[in-house]
Structures are given as structure tokens and as C-alpha cells.
Amino acid sequence: MDDSNSFVVVANRLPVDMSVHPDGTYSISPSPGGLVTGLSPVLEKHRGCWVGWPGTVDVAPEPFRTETGVLLHPVVLTANDFEGFYEGFSNATLWPLFHDLIVTPTYNTEWWQAFREVNLKFAQAVSEVSAHGATVWVQDYQLLLVPGILRQMRPDLKIGFFLHIPFPSPDLFRQLPWREEIVRGMLGADLLGFHLVQNAENFLALTQQVAGAAGSHVGQPNTLNVSGGALVREVGAHVTTADGRRVGVGAFPISIDVEAFERASTSKVSELLTTLGSPDTVFLGVDRLDYTKGILQRLLAFEELLESGALDPEKAVFLQVATPSRERIEHYRVSRSQVEEAVGRINGRFGRMGHPVVHYLHRSLSKADLQVLYAVADVMLVTPFKDGMNLVAKEFVANHRDGSGALVLSEFAGAAVELTGAYLCNPFDVESIKRQMVAAVHDLEHNPASARSRMITNSEQVYTHDVNVWANSFLTCLADAGEDS
Ligand code: ADP
Ligand code: F6P
């Protein structure tokens, strides 16, 4: 056992994504997603150890320290693990189930076996690197069984678990053939964290419903002591397990690192505006290319506004950056081709030579380039059908601290609970997206004081509830969690 790591985070992904070249050398790039955005600054501050998958199959580098001082401990996944655990159970079973069945989940026993085996593999890696009595923070839906396995392997550890995606209502979750094992796995933790009160309440209701089978008794939950604001020091809800342990349950909305925020270079912003033809209104979307994000729906809303004349193709442009994600999974492939077909069609109908109305990139951008896009945008469109939080919305808001710009936000994104100055839309209803796009543009042009006050409300929330509040709240509650009831 390596006794040097007293703070260990374990997530499916490491913050770096490796690509192996034919000559055996490899290169690394930042890995995608909100989990990495949220956790990286926390690990840097604690100089912690991060156990995770480096994004390759069958090979992994030796443990190494990043330039920012985080010790990375890679876990090797085989090609079979990748298919059954990652593409299969994590992303074709749990992902759609936890996002309220936007597509139908597949229940496959072989994938479930792979999920169990890989969770065991991650738990073993954590057990090897963790000091006696270490704090271990397990992340996200890919590792739901790790808390339970670790509890058996290493009862000395303090174990927290945080779910970065929504937790569905018990009526949906109960579809899962392996529901009792999953709940038991989660209850191995001392503290379970969710983004929203609603997610935590869904989990508490579920443990009541499957308690017998999961072998746990549920304590009477008090009110959930959710942040809403400053540091949370206590969780108000607990589940008491059959062996008498108290598992804390709370809501901790994740956020971004506003301290690291760097203003986009003004010359780059004006250069981009000129390249775009100095339009009156720039709409922006930035997402992983995921069917949960509602990218097609916002494109359709833009198309219909051009069609009706509500927007002028000479004066409005739409920028969409979509990071490649989970590309071999069927629903992701379909989603990409629908988005790209819509981009082509809209440009064919409303663009002219040298002047497309939709600018589309299917790739990852550097943080600096993203900042330029956020700064250029007048209206940010964040329209997921379901999203645990959505950090892109918070990043846009942080870039508009001066009150400029407007955010159109799905009411089904976790961020809608906090960003009360957003123009809320229902992404299942294209008319609703259109209405809020028009309202945002109208306010920016004709009611600037109202638009400004809405954005200031949003940015005050983000600047007072940053990622440090999130991590400190969770870790403070975890330090106190886990006494016997
Ligand atoms: P999710 O975790 O589902 O991907 P979030 O909105 O919470 O969604 O987080 C996405 C993170 O990935 C944000 O920090 C965002 O800046 C980053 N990101 C999204 N798209 C890109 C892109 N094309 N290039 C670089 N970073 C991106
Ligand atoms: O935030 C949700 C999440 O699924 C993370 O767990 C994950 O790291 C990220 O999005 C990106 O997805 P993936 O790791 O499958 O590329």
C-alpha cells in the first residue's frame, strides 16, 4: 500500500485523454466534460491523487504528476471493458435511464457483468494507492458500485460519492434489473452528494421503496440541508443501513472555477466579429455532441425564426461547437447526422457565398478560444432535454459579469435552479425556444436595463457559488459523516 495519498479522487476519466500513435508514442489532450472542469481545480488545490482511465484501450502510462501537481494513477481498460462497461452499461443503460429515458436504455446482462468487473478494478486501484484512513471521493454513474466494494476492502477509508448527472425518479429507476445491487453499492459511501434537492429526494424515496431488497432501513429524512448559498456544514438527511451505518444524503450544486477566469483578448474578440461579418446578434451553443443536449432543437428554432422573418440572415449568426463524444454508440451517431444535416440545410437555405448563417465546429477548442466565443456571443443557447447541472451555462455567465448578453436556458438543466435571470425554455417545444430567443434579442435591443439586471443576477450567483464552495461543502460534510447511528 502507498501511504502517501490521503486524498484520492476516483473517476472513470482522468483529466487527460491519451492517443496512442502507430509508432507507439502517445500524446495527451484535456478530456471532455463537466466532471473534469469541476474537479481539476479541486485536485490542484489539494495536490490529490486522481485514479482513472486515460482514454485508451489495453495500454496506460505509469503514474505521473501533472504540471499542476496532481498525481495521476491510470487504470487500464481492455477493449472488452470499453465495450461492455463504458459504451454498454454506462452509456447505453445508465445514461439514458438517468436522463429520463430520452432514448430507450438497453438492459444487457453481459454489460452488467463488465460493469461489476470494471468497478472492482477501479476499487482495487484505489485500495492500492490510498493511505490508511484516507478520504476517497468516488465520482459519477460509471462507478456506482465502487463505494460498496471499497467499504468491504478498506473499512478504514472515509468514502464520499458524488453523482454528476441527474438521479431519476424511483419509478424510472426501478426498471433497472440490477437496482438493488446499485443502491447497495452507493450505500457503501459515508456521504452521497447530488446536484439538486430533487435528485437527493428521488434517491431517498428509492431507498425506501427497495429497502428490503437492498438490505437497508431508511431513517426519517429531515429537510435536505442544501446549499442554495454559502458553505454547507451539515447534511440533513441520512439513510441508516442494515449494519447500522448512517449514510448522509445531500445536494451540492457543482460550479466553475471563477478564480481561474481569464478575460478573452479584446483583439481576438473583434477579429472574430469582423470574420463573422459584424452581425447584430451572435447566438452560441457549446456542448459535447450528446442527444441529451437539444442541439438539433435549437437549430430548428433558429431556422424557423429565419423562415418567418423574425430574424434576418444578414444580421444574425449561429455558432455551434460540438465536442465529439461516445462516437460509436448508435444514438450518438444518429444525433450527429441530424445536427449536421440541419446545419447544411439551414446554410443552403439562408446563407450566401462566404457568409454562412450557421458556423459549426465538430471538435474541442482550447479554453482561450472558448472564452473568445463566450465573449462574442450575445445570446447563449443551452437547451438540454435533461442535464445534471450544465457548466457551459455558468461559464458563459462568468464571462458576462458586466451584465452584457443573455442566456436562454432549458428548464430541465440543473443550472436553471440557480440561474434565475435566464430566459427559461422548454426544449421539447420548439415554439418555447423560439419565444425565448426572440425575448432575449428584444430585451438586448429595446430593454437593455432588464437584460442587464438578469445577467447580473446570474453572475452574482456564479461568483458567490463557485467550485470551491461546492468542494468545500461536500468535503466538510464528508469529514463529519459516517458515525454509527
Ligand atoms: P457535460 O459534463 O455533460 O459535458 P457540462 O456543460 O457540465 O456538460 O460541461 C462541459 C464542459 O466541457 C465545460 O467545461 C465546457 O467548457 C467544456 N466543453 C464543451 N464543449 C467544448 C469544446 N467544443 N471544446 C472545449 N471544451 C468544451
Ligand atoms: O458530466 C457527465 C460526464 O458523463 C462525465 O462523467 C464524463 O466524464 C463526461 O460527461 C464526458 O463523458 P465521457 O467521459 O463519456 O467522454
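1. Starting with ligand 1, in what is a predicted model: a backbone N or O atom of Arg-363 sits 3.1 Å from one of the ligand's nitrogen atoms. Two side chains also reach ligand 1 through polar atoms. An N or O atom in the side chain of Glu-395 is 2.6 Å from an oxygen of the ligand, and for the side chain of Lys-293 the distance to a ligand oxygen is 2.8 Å. On its own, ligand 1 would expose 570 Å², and the protein buries 88% of that.

2. Who else is around ligand 1? The shell has 18 residues, and the ones that come nearest are Gly-34, Thr-37, Arg-288, Leu-365 and Glu-395. So Glu-395 turns up twice, once in that nearest group and once as a polar partner of a ligand oxygen. By residue type, the shell around ligand 1 splits into seven nonpolar, six polar and five charged.

3. If you want to trace the site on the fold, look at the elements that each give at least two residues to the ligand 1 shell: the helices α1 (34-46), α12 (367-376) and α13 (391-398), plus the strands β13 (281-288) and β14 (316-323). Ligand 1 lies between domain 1 (7-256 + 468-480) and domain 2 (259-463), because both of them give residues to its shell.

4. Now ligand 2. Its surroundings are Arg-13, Pro-32, Gly-33, Leu-35, Tyr-86, Trp-95, Asp-140, Tyr-141, Gln-142, Ile-165, Arg-288 and Arg-326. Sorted by type, that shell holds six nonpolar, two polar and four charged residues. Do note Arg-288: it is listed around ligand 2, and it is also among the residues that come nearest to ligand 1.

5. Which side chains make polar contacts with oxygen atoms of ligand 2? Among them are Asp-140, with a polar side-chain atom at 2.4 Å, and Tyr-86, with a side-chain N or O atom at 2.5 Å. The side chain of Gln-142 also has an N or O atom 3.3 Å from an oxygen of the ligand. Taken alone, ligand 2 exposes 380 Å², of which the protein buries 94%.

6. Arg-326 deserves a look of its own. This residue is part of the ligand 2 surroundings, and its place is in the loop between β14 and α11 (330-350). Its phi is near 45 degrees, a positive value in a residue that is not glycine. Is Arg-326 buried or exposed? At a relative accessible area of 14%, Arg-326 falls under the 20% limit and therefore counts as buried.

7. Ser-278 has the other phi I would check: again near 45 degrees, positive, and not a glycine. Ser-278 is in the loop between α9 (266-275) and β13. With 51% relative accessibility, Ser-278 counts as exposed, because the cut-off is over 50%.

8. Pro-279 is in the loop between α9 and β13 too, but this residue is buried, with a relative accessible area of 11%. Across the fold, the C-alpha of Pro-279 is 6.7 Å from that of Val-317, although 38 residues separate the two along the chain.

9. On the nonpolar packing: the largest nonpolar core has 64 residues, and the members that touch the most others are Phe-122, Ile-182 and Leu-192. Helix α3 (residues 109-129) is the top contributor to this core, with nine residues. Domain 1 (7-256 + 468-480) and domain 2 (259-463) each supply at least three residues to the core. As general background, nonpolar side chains in soluble globular proteins tend to be buried together.

10. Ser-410 is a polar residue to inspect. Its place is in strand β17 (residues 406-410), and it is buried, at 0% relative accessible area. What does its side chain reach? One partner is the backbone oxygen of Pro-384, at 2.6 Å. The backbone nitrogen of Phe-412 is 2.9 Å from a polar atom of the Ser-410 side chain.

11. Last, Trp-53, in strand β4 (residues 49-53). Trp-53 is buried, with a relative accessible area of 2%. For a sense of scale, the C-alpha atoms of Trp-53 and Glu-431 are 42 Å apart in space, with the two positions 378 residues apart in sequence numbering.

Note on methods: Residues numbered from 1 in each chain as written. Chains lettered and ligands numbered in written order. Predicted model: local features only at pLDDT ≥ 70, side-chain atom pairs only at ≥ 80, totals over all residues. Heavy atoms only, no water. Near = heavy atom within 4 Å. Polar contact = N/O pair within 3.5 Å; in protein donor to acceptor, adjacent residues only side chain to side chain. Areas by Shrake-Rupley, 256 points an atom, 1.4 Å probe, with all protein chains shown as cover. Helix = DSSP H or I, 4+ residues; strand = E, 2+ residues; numbered from the N terminus. Nonpolar A, V, L, I, M, F, W, Y, C, P; charged D, E, K, R; others polar. Domains from an automatic or database assignment. Core = buried A, V, L, I, M, F, W, Y, C linked by side-chain atoms within 4.5 Å. Buried < 20%, exposed > 50% of the residue type's maximum accessible area, 1.4 Å probe, protein only.
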